[in-house]
2 protein chains.
Amino acid sequence: MAVKIDGKSISSELRLSIADEIKQLKQKNPGFEPRLTIIQVGDRPDSSVYVRMKLKSSEEVGIRGELLKFPADINQEELITEVERLNQDPSVHGILIQLPLPEHLDEPLITNKVIQSKDIDGFTNLNLASVFKKSDKPLYVPCTPKGILYLLDHEKVEISGKNVVVCGRSDIVGGPLSKLLEKRGGTVTVIHSRSTQAQKEFFCKNADILISAVGQVNFITGDIIKEGAVVIDVGTNYVPDATKKSGQRMCGDVDYASTEPKASLITPVPGGVGPMTVVMVLANVLESAKASLDSQSS
Amino acid sequence: MAVKIDGKSISSELRLSIADEIKQLKQKNPGFEPRLTIIQVGDRPDSSVYVRMKLKSSEEVGIRGELLKFPADINQEELITEVERLNQDPSVHGILIQLPLPEHLDEPLITNKVIQSKDIDGFTNLNLASVFKKSDKPLYVPCTPKGILYLLDHEKVEISGKNVVVCGRSDIVGGPLSKLLEKRGGTVTVIHSRSTQAQKEFFCKNADILISAVGQVNFITGDIIKEGAVVIDVGTNYVPDATKKSGQRMCGDVDYASTEPKASLITPVPGGVGPMTVVMVLANVLESAKASLDSQSS
């Protein structure tokens, strides 16, 4: 039976320690106030939920969170001007552009306008390059990969010398995560949509650490995992469930029932990786605010 | 017995076709002259050999090659000013900073000053980010990875759905190459200095395509490769050889004698990947010159 990695409680602890650090910094440095600005364009209900969650979490730890909301038909130049204004504003430490943006906007162009020192999502090309380069240390590790590394470290999982399989190669999760695990010494194989079923099974069955971030229910089942594997489930999927008021229930990529008995450690969904991502946004804002404080005092 | 991939002859053919294309473009567009500027700082003999080779190859295909040579003790600001001048000069299509730079110079800082449209080495962070991002197409693929992809395509090697192992994770070869092969559909595992011997053997024995870029003699031997594998040797090593005038002989990472009988395709060293790298510098300069021509005529 696997030990469940309790992301909810681990993230709560971390949140408390962030709140504590901010409180102490505020006491020592009058005027110190970490500040996160979120840009939301349009009214997607899912985006609004995420934005609210981030703002609420910010407040709870003593970060001043604010939302700049723009109409869905905002002109691209106007939006860029807003980003550049925030880049210049020394009181803003983190700029987060809630994705996806409406189709008429060039998403990579706009996200790349965020100045590196405030790119607490770690999505800009300059930051990603430093994730990927062997010799570089990124200023900000993207939040979901950062949360996963935190969980592995918290559970004292050795990465170096291990077979690591990352399922999924997105620019936000799978791509940077696989590189970060390689930098930590893992021998990493990336499974993706062009991998065959035989390849998926072969590599998963030999993985000491198996991370699934593809967004597909039951992508990982107990029969394809190695005895004693560490299993991290990044999936956020919804399946119909008549017993729930909403008529659906959230689940990950991993079939928990068949996988848990063979794994040594496993993250549940919900309550595993999810809560870590939000708290890493806060951690990155605090890092940025501290760097800004250091540069003022030096 | 493996078929030898003859990089020398494949690169010669490509060189001829580049020369031919440049000739035709010059005929159609009076004044068209692709131009490569190489910056060399100091006098390292190995660097001088590479620089001469690139200049000679440029001339042969109709690219105007020029060398800007600076003393080893050049001031960093001066060097950056030179790079910026070349960035602004519309007659220069490719800027190549010969590495390594002397220790007092910040190599990443300086190489990143090259404007993306002239970064024909593909080493700048902005270009590397586009190599790594799933959704992006790089403006210039770094020359050694580009040469390897060309060889694989020339030999009609299917990459999608195959097990690919890349040994080595440098920012110049292994890192970008593994990502480019993944983008082409390969299921890629990167073997590196922190991989154990058991991991190396396990993954190599299952590799349909095995690429070694670690710089270690006999890193790959026949006993750890799969029957029918495609073997690409990127190593450039020197071993003592009394029968040679220089007292040494060049060899790759792969023990050719034991590997060749089991492989389906294999690159020799010398005469495999090496000659491809130089011709890809020329290909990238031509691409840049054509882009510049297009932008003038549009």
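Trainee: In this predicted model, what makes you say which residues B:Ser170 touches?

Mentor: Contact means heavy atoms within 4.5 Å. Setting aside residues up to four places away in sequence, B:Ser170 touches B:Gly175 and B:Pro176. You will find B:Ser170 in the loop between strand 5 (163–167) and helix 7 (174–183) of chain B.

Trainee: Why is B:Ser170 called partly exposed?

Mentor: Its relative accessible area is 29%. Buried means under 20% and exposed means over 50%, so B:Ser170, at 29%, is partly exposed.

Trainee: Now the two chains. How do you know what kind of axis relates chain A to chain B?

Mentor: Try laying chain A on chain B: a turn of 180° and a shift of 0.0 Å along the axis does it, with an RMSD of 0.0 Å. That is the relation of a two-fold axis. The same surface serves both copies, as 97% of the contact residues of chain A recur in chain B.

Trainee: And the largest nonpolar core, what do we know of its residues?

Mentor: This core has 52 residues, and B:Ile18, B:Leu181 and B:Ile232 have the most contacts inside it. Helix 10 (residues 273–297) of chain B gives the largest share, 11 residues.

Trainee: Why is this core said to lie between domain 1 (30–115) and domain 2 (143–274) of chain B?

Mentor: Both domains give residues to the core, so it lies between them. As for B:Ile18, leaving aside neighbours within four places in sequence, its contacts include B:Val61, B:Val279 and B:Leu286. Apart from this core lies another, of 51 residues, among them A:Leu14 and A:Val131.

Technical notes: Residues are numbered from 1 along each chain as its sequence is written. Chains are lettered from A and ligands numbered from 1 in the order in which they are written. This is a predicted model: local features need pLDDT of at least 70, side-chain atom pairs count only at pLDDT 80 or more; totals for chains, interfaces and linings use all residues. Side-chain values use heavy atoms; hydrogens and water are left out. Helices (H or I, at least four residues) and strands (E, at least two) are DSSP runs, numbered from the N terminus. Buried means under 20% relative accessible area, exposed over 50%, partly exposed in between (1.4 Å probe, protein chains only). Copies are superposed by least squares on the C-alpha atoms of residues with pLDDT of at least 70 in both. A nonpolar core is a set of buried Ala, Val, Leu, Ile, Met, Phe, Trp, Tyr and Cys residues joined through side-chain atoms within 4.5 Å. Domain bounds come from an automatic or database domain assignment.
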